[in-house]
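I opened my notebook to look at how the chains in this model sit against each other, and then at a few single residues.

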Protein chains: 6
Amino acid sequence: MNKFLVKKALENFFIEDIGERDISTSIFPDELVTTGSFIAKSDGIICGFPILIEAYKLFEEDVKVELFINEGRYVKSGTIIATVIGPIKVLLAAERVVLNLLQRMSGIATQTNIAVQTLDSSHSRVCDTRKTMPGLRIFDKYAVRCGGGFNHRSGLYDTVMLKDNHVAFAGSIKSAIEALRGTLGHTVKIEVETENIEQVIEAIDAKADIIMFDNATPNEVKEYCSLVPSTIITEASGGINLENISMYRDTGVDYISLGMLTHSVKAFDISFNIEGSFKRR
Amino acid sequence: MNKFLVKKALENFFIEDIGERDISTSIFPDELVTTGSFIAKSDGIICGFPILIEAYKLFEEDVKVELFINEGRYVKSGTIIATVIGPIKVLLAAERVVLNLLQRMSGIATQTNIAVQTLDSSHSRVCDTRKTMPGLRIFDKYAVRCGGGFNHRSGLYDTVMLKDNHVAFAGSIKSAIEALRGTLGHTVKIEVETENIEQVIEAIDAKADIIMFDNATPNEVKEYCSLVPSTIITEASGGINLENISMYRDTGVDYISLGMLTHSVKAFDISFNIEGSFKRR
Amino acid sequence: MNKFLVKKALENFFIEDIGERDISTSIFPDELVTTGSFIAKSDGIICGFPILIEAYKLFEEDVKVELFINEGRYVKSGTIIATVIGPIKVLLAAERVVLNLLQRMSGIATQTNIAVQTLDSSHSRVCDTRKTMPGLRIFDKYAVRCGGGFNHRSGLYDTVMLKDNHVAFAGSIKSAIEALRGTLGHTVKIEVETENIEQVIEAIDAKADIIMFDNATPNEVKEYCSLVPSTIITEASGGINLENISMYRDTGVDYISLGMLTHSVKAFDISFNIEGSFKRR
Amino acid sequence: MNKFLVKKALENFFIEDIGERDISTSIFPDELVTTGSFIAKSDGIICGFPILIEAYKLFEEDVKVELFINEGRYVKSGTIIATVIGPIKVLLAAERVVLNLLQRMSGIATQTNIAVQTLDSSHSRVCDTRKTMPGLRIFDKYAVRCGGGFNHRSGLYDTVMLKDNHVAFAGSIKSAIEALRGTLGHTVKIEVETENIEQVIEAIDAKADIIMFDNATPNEVKEYCSLVPSTIITEASGGINLENISMYRDTGVDYISLGMLTHSVKAFDISFNIEGSFKRR
Amino acid sequence: MNKFLVKKALENFFIEDIGERDISTSIFPDELVTTGSFIAKSDGIICGFPILIEAYKLFEEDVKVELFINEGRYVKSGTIIATVIGPIKVLLAAERVVLNLLQRMSGIATQTNIAVQTLDSSHSRVCDTRKTMPGLRIFDKYAVRCGGGFNHRSGLYDTVMLKDNHVAFAGSIKSAIEALRGTLGHTVKIEVETENIEQVIEAIDAKADIIMFDNATPNEVKEYCSLVPSTIITEASGGINLENISMYRDTGVDYISLGMLTHSVKAFDISFNIEGSFKRR
Amino acid sequence: MNKFLVKKALENFFIEDIGERDISTSIFPDELVTTGSFIAKSDGIICGFPILIEAYKLFEEDVKVELFINEGRYVKSGTIIATVIGPIKVLLAAERVVLNLLQRMSGIATQTNIAVQTLDSSHSRVCDTRKTMPGLRIFDKYAVRCGGGFNHRSGLYDTVMLKDNHVAFAGSIKSAIEALRGTLGHTVKIEVETENIEQVIEAIDAKADIIMFDNATPNEVKEYCSLVPSTIITEASGGINLENISMYRDTGVDYISLGMLTHSVKAFDISFNIEGSFKRR
């Protein structure tokens, strides 16, 4: 993640939560120092250490963060994943924003990992979509990578996705691709969304870079894949989730994209415990 | 929601998703106009119309948005909730951000509403927490209200929440409250988190404005509530969710706060369908 | 004060004053180091040290700020309140913004303190209003606290203030409060502005959290206060200033709010003297 | 005033005051329209109409603002200066920020005008300093112009001001001016602060563009001015205020700068009255 | 170009140039309306109409812009390309920023077009690089497209470019590509920079998406191209400019990238003439 | 250059180029450290070291930058001008933005220096205009100074420039100047653009601070200068460039302004070479 974007986002997040000031911690003197621990309260993939490191540094250069496991690793509930030593005012003011992000990112990483494990394929990869939370895309997509998934396009700017409307207007998949190839440079890939075998064949003929099978059954995906030459990448999308992903295991498709990885996230439970004892620095 | 914050957020969200430009829609001429419809794909509470209205206006003053139901109403899957008439370039460029927000907000409103219906209490209210997605708090809290829930404090700046650390440092709940009442103005309420009956009694004696029972069982909540005078508001919090909330129905507690309302959101499925026919304006 | 807001504000203030560059100090080499002293030129309360500390750090990590008195203390004219050691370019470029803020904040703290001393009440407290300078609210409200005053609500978002228009529309104070209690959460207090005894009684019946007596004479305030039960907080507001505040001493009112504390500020005179001798580092 | 800066500032000011939302006005339906009147409550110069016009437009294009007097004119207490017709929600949400600015700006314009009237000179002009409130400089300097005063430099970037430190380092006023003339372009003026007759003479010899007499008595100013050729502009500064400015009437000085115009502002009392009757649009 | 980015950029540009206010135009009353004409003063491609349209709208909704030629067309010196009707204050305040952008963009479009014409190839395309002016990339890349060129990657985020350092660290081109394919999704292309025939062959074997020949002579480019299969795109880069680009005409290379298109721009001369006559509106 | 503006600009530039992340450098581990060298690839003036120093610090406090020559000095092609030691990820991510700025700024400094050398006058100075690239004015104007040139006004806010439209409206140069002197303070200079001898004489009579001869031949400039008293500064402008500037050598004009210094910049070629060997820190 681009550190400049992370810092800017975190500053906005802290302003959102803290506002004018944390009125509850006004009870503590500035110099009171203590230790806080992040503890996993369920099993899964931990994700978000770059946030942990940047967040406290934004408050004070000398808050000490110690990490006990590696980013993207599976932990058991009860594991202490990190400790932070610094002014109790800082620890309490930062707590909620840090936890909100860590829990979302670890939640995404965990359910991505479940998707990967459930798919259990040496060939097909799990990938995300643009169904991320507005303002949080770099965090969401990073978390997908941590969980063993892959990123689909970042936004409307870096890959073409041709859907029914584009094709309808252009007249055919071929003419749509040609129109775009006539104006776009060589670094941009063109993906085509297809809904039936005729469209798949048309997309192959039109030399799409990526062919997506929209809302296709495992059998259809398998059939379509058998038609597509190896120079074109295939993707299954639409209605696939943790329950049915394993049915796509043997379809031979290259990528399976799941919107739910980022649009329906169950927070991964992490608690932050502050030690009872304080020191004055 | 403050319109200035909504506009600022939407502009940032569109920049995040569109980047330099939507390369796929470069295929369409500017003057091509069409109609798009938002259709509910599941049953629940629709939330997010202010976003719908502001979002398209940011692109072009004369995109027409028509709403077919009222904000916060329950809809059945298949219901057309709104239509948008405008340049197809605008409709496609705005689609993802608008849907991502609408689906989250409707998801929050829907599960809040389920909580309210399940609790089924004429006395106790369901409320949210600060476990919202960073950058999206005003949207998340608005959605909770749409679903029939109530908002807890907005951030660290508007209500005091005394937890074990504050009390440990101050020596007692009483001394913590007194210390804060000695510096804070009359518009700020002080809430105290309690973990057992002794703390509840101490908080009552200390004249807390709100007493929160942390991780208390329904029976404990009932017992605690019976001790608290009517001038003090009570709140149950911690580990309460859609599965067990009905067990708190007869506890007499004033508010029940659920972190899951906003930290673990299932997107409410909404599709956006663009008509096949185009007009030139 | 939230450090993120303070830093952001200071950066904007320095950009406003310095623009492209300080053309006058282009005469000095970068490495020329000297000492500057902040000296009180009148008697009163000094306020603004967090600004002093953050401001120079924003320029250079190693400018040394030494404080000789405590924030919020009363000083006599002539007192050296702080010294700064650093590049003369930094000292001169930062001077005006720092002084402008310090002088305003100390001016607010001083006149707040005069109000408190003049009121001379063990019961009634002096508080501010929303009549702060746009963009400077966190600084203005902090200064009021430093002077011994209390803060009224931060903005339109954290406390309800019902005025004649709200009541006129709702039909009565009671119905206005009920309408709001029906939608607002438990952390929000409702204050009602009253203009005569009938309204005070109506507000008491409606169980307002705070009752404000608008433009009431000391005698009226006293009479109204005698009617209000101790569970409701009272506030006198409107037309009260340093000249007449002492007349409210024995009214028994809980809070007296003064708009002039922040809308009509006399700068507290502070000079910044740079030593004649320079060193090269 | 640059409209882009005014809009940006107003948006920030409204976000500061309104926050997430105006909870008090949630009582009113969106379509309730009414009329509000701005009424002067003291005698003086009214200033701030560009704010009035921009502010409501930022909320809604079709709020109607009607002005009854001209910007910068003297009004008597009781004069209705403007009316606004629009949604009551908008009128109440905008009220405080608009009044805070108008009262400050009219306060500055009024006391500037008093300074000009008191000085009562056909030759000497009253001007401001950089002692404006951080973030509000364009508003403060505009108000000074409305009151009949003139603006000194905008910031550190547009005019050189040589003080004792610059001169001490350069060795002499002459060498300081020469050093700067050697690097600065022809659009920049150099002003020199002088404290005695020797320095005045040195500044004349060095061909300063402007010579400022710091903390000089009226007699000293008169004497110094008699020495300065007409091609050099003179300025008296330091310790001049509304009480003693008339003593400088016959000194022949070109400009008299007063820090108090903007650092110690008494708000000009303006009230905003909303009509009792509402319409639905 | 994303309209949100264009507006944001233009607002910043106008603030940079206008500052507090345009002091020269203070001479004109607000209601004075006139007509200004943009006239080409040399021959070439005109580019920048979206800026023209957005810029004036930002000042005032009702400034009328009329365009006389199409974006990206070749014009002769003397051609009136557009007229603007609006307040003379707006026309003069906007002039410089609008011209600075239009002249740069038309300059880029023109020299891109010269490159395309000079290359005169039905196969090879001219493209840009990341050597754009910081803050102006979307404008620079848009101008390249207007001139008949193509865009290379937008930034470090959307396409991989493997250079000697990456390869040195990974051990070989193959291992570098494999490492990246192991983590990057299917929408990202990998381009490899090669400096000799061995590297070209290695890149072919490693199945790079794009092979770039760095600083290769026309003969080398021709030789390398003959080795590369048609499924891999070729690019010549380094040291190619308007003087020598025609030597690459028959090399068969797919893309030729020129840094000078955007790093060394000769402004296209455009004048803005305001009519002598004014009207009051 | 104001450090706050430089930092803000650099952060935006890095966000523009890096976006979500540098996908190419994801191949390197964080702890891999190496050395990069900036090497001049042509002869000229090097400019931009403050950028070099700030840019890397924004990434990481402990990247070491070593400079081998002084800012604004003439270098021969092949000279190593600076080295940077730090993480290879940082070096590669920062490279393009740093080079793009350095090459532009050194290009401006170099062609400014050529103008100064070609003019070869002990009296006349070379200066810039407002024809800088939007968003880059402080960098462009700084580079002009580094090359031995002088800065004209910074923007529309700091110096008046009266052109034909202003004069036409006011009736005469004299009345235009008088109107402005009647409202503007003493720190602002008024420059008048003249097109013939009558206007020059009128501007002299009107006591303009600066008289500009627009599009005048060297002979005309010489003639006009002979009329202007030494208290008024003269400037030749319009159509002057590196080819014809020497013809103005003996005209006696004070300043010669060249738009091309900043509107038509040839990038100064600088390469950035990263050492083959890496260390782990």
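Below are my entries, chains before residues.

**Entry 1: what kind of model**

I note at the top that this is a predicted model.

**Entry 2: chain A on chain B**

I started with the general idea that a rotation about an axis, together with a shift along it, relates two copies of a chain. What turn and shift lay chain A on chain B? I found a turn of 180° and a shift of 0.0 Å along the axis, and the RMSD comes out at 0.0 Å. I wrote "two-fold axis" in the margin, because that is the relation this describes. Then I looked for the C-alpha of chain A nearest the axis, and A:Val265 has it, at 3.0 Å. Both copies use the same surface, since 100% of the contact residues of chain A recur in chain B.

**Entry 3: how much of A and B is in contact**

I looked up the residues in the contact: 58 come from chain A and 58 from chain B. Next came the area. The accessible area lost when parts come together is often used to give the size of an interface. Here about 4,900 Å² is buried between chain A and chain B. Carbon and sulfur atoms give 61% of that area.

**Entry 4: what holds hands across A and B**

How many salt bridges does the rule find across the interface of chain A and chain B? I got four. I picked out a salt bridge between the side chains of B:Arg137 and A:Asp17, with N to O at 2.6 Å. For polar contacts, I got 23 residue pairs across this interface, both residues being at pLDDT 80 or more.

Which elements of chain A supply at least two residues each to the side that touches chain B? My list reads α1 (3–18), α3 (88–119), β7 (159–162), α5 (164–170) and α6 (173–181). The largest share of that side comes from α3(A), with eight residues. I also sorted the residues on this side of chain A by type: 30 are nonpolar, 13 polar and 15 charged.

**Entry 5: chains F and E**

I moved on to another pair. Chain F puts 58 residues in contact with 58 residues of chain E. The two chains bury about 4,900 Å² between them, with 61% of it on carbon and sulfur atoms. The rule finds four salt bridges across the interface of chain F and chain E. In one that I looked up, F:Arg137 pairs with E:Asp17, and the closest N and O atoms are 2.6 Å apart. Polar contacts across this interface come to 23 residue pairs, both at pLDDT 80 or more. On the side of chain F that touches chain E, α3(F) has the largest share, eight residues.

**Entry 6: chains that miss each other**

I also checked two pairs that do not meet. Chain C and chain E do not touch, and their nearest C-alpha atoms are 9 Å apart. Chain B and chain F have no contact either, with their closest C-alpha atoms 9 Å apart.

**Entry 7: two positive phi angles**

A:Asp120 caught my eye: its phi is positive, about 50°, although it is not a glycine. I found A:Asp120 in the loop between α3 and β6 (125–127) of chain A. Is A:Asp120 buried or exposed? A:Asp120 has 52% relative accessibility, so it counts as exposed.

C:Asn215 went on the page too, with a positive phi of about 55° although it is not a glycine. C:Asn215 sits in the loop between β9 (210–214) and α8 (218–227) of chain C. Its relative accessibility is 52%, so I put C:Asn215 down as exposed.

**Entry 8: C:Thr159**

I traced C:Thr159 to strand β7 (residues 159–162) of chain C. C:Thr159 is buried, because its relative accessible area is 0%. Not counting residues up to four places away in sequence, C:Thr159 touches residues including B:Thr187, C:Arg153, D:Ile23 and D:Ser24.

**Entry 9: A:Arg181**

My last stop was A:Arg181, in helix α6 of chain A. At 29% relative accessibility, A:Arg181 counts as partly exposed. Leaving aside neighbours within four places in sequence, the residues in contact with A:Arg181 include A:Ile190, A:Lys207, E:Arg125 and E:Phe150. The side chains of A:Arg181 and A:Asp209 are joined by a polar contact of 3.2 Å. I also looked up A:Glu223, 42 residues away from A:Arg181 along the chain, and their C-alpha atoms are separated by 28 Å.

Note on methods. Residues are numbered from 1 along each chain as its sequence is written. Chains are lettered from A and ligands numbered from 1 in the order in which they are written. This is a predicted model: local features need pLDDT of at least 70, side-chain atom pairs count only at pLDDT 80 or more; totals for chains, interfaces and linings use all residues. Side-chain values use heavy atoms; hydrogens and water are left out. Copies are superposed by least squares on the C-alpha atoms of residues with pLDDT of at least 70 in both. Contact means heavy atoms within 4.5 Å. Buried area is the accessible area (1.4 Å probe) that two parts lose on being put together, summed over both. A polar contact is a pair of N or O atoms within 3.5 Å; within protein, one must be able to donate a hydrogen and the other to accept it, and residues adjacent in sequence count only if both atoms are side-chain atoms. Helices (H or I, at least four residues) and strands (E, at least two) are DSSP runs, numbered from the N terminus. Ala, Val, Leu, Ile, Met, Phe, Trp, Tyr, Cys and Pro count as nonpolar, Asp, Glu, Lys and Arg as charged, and the others, Gly among them, as polar. Buried means under 20% relative accessible area, exposed over 50%, partly exposed in between (1.4 Å probe, protein chains only).
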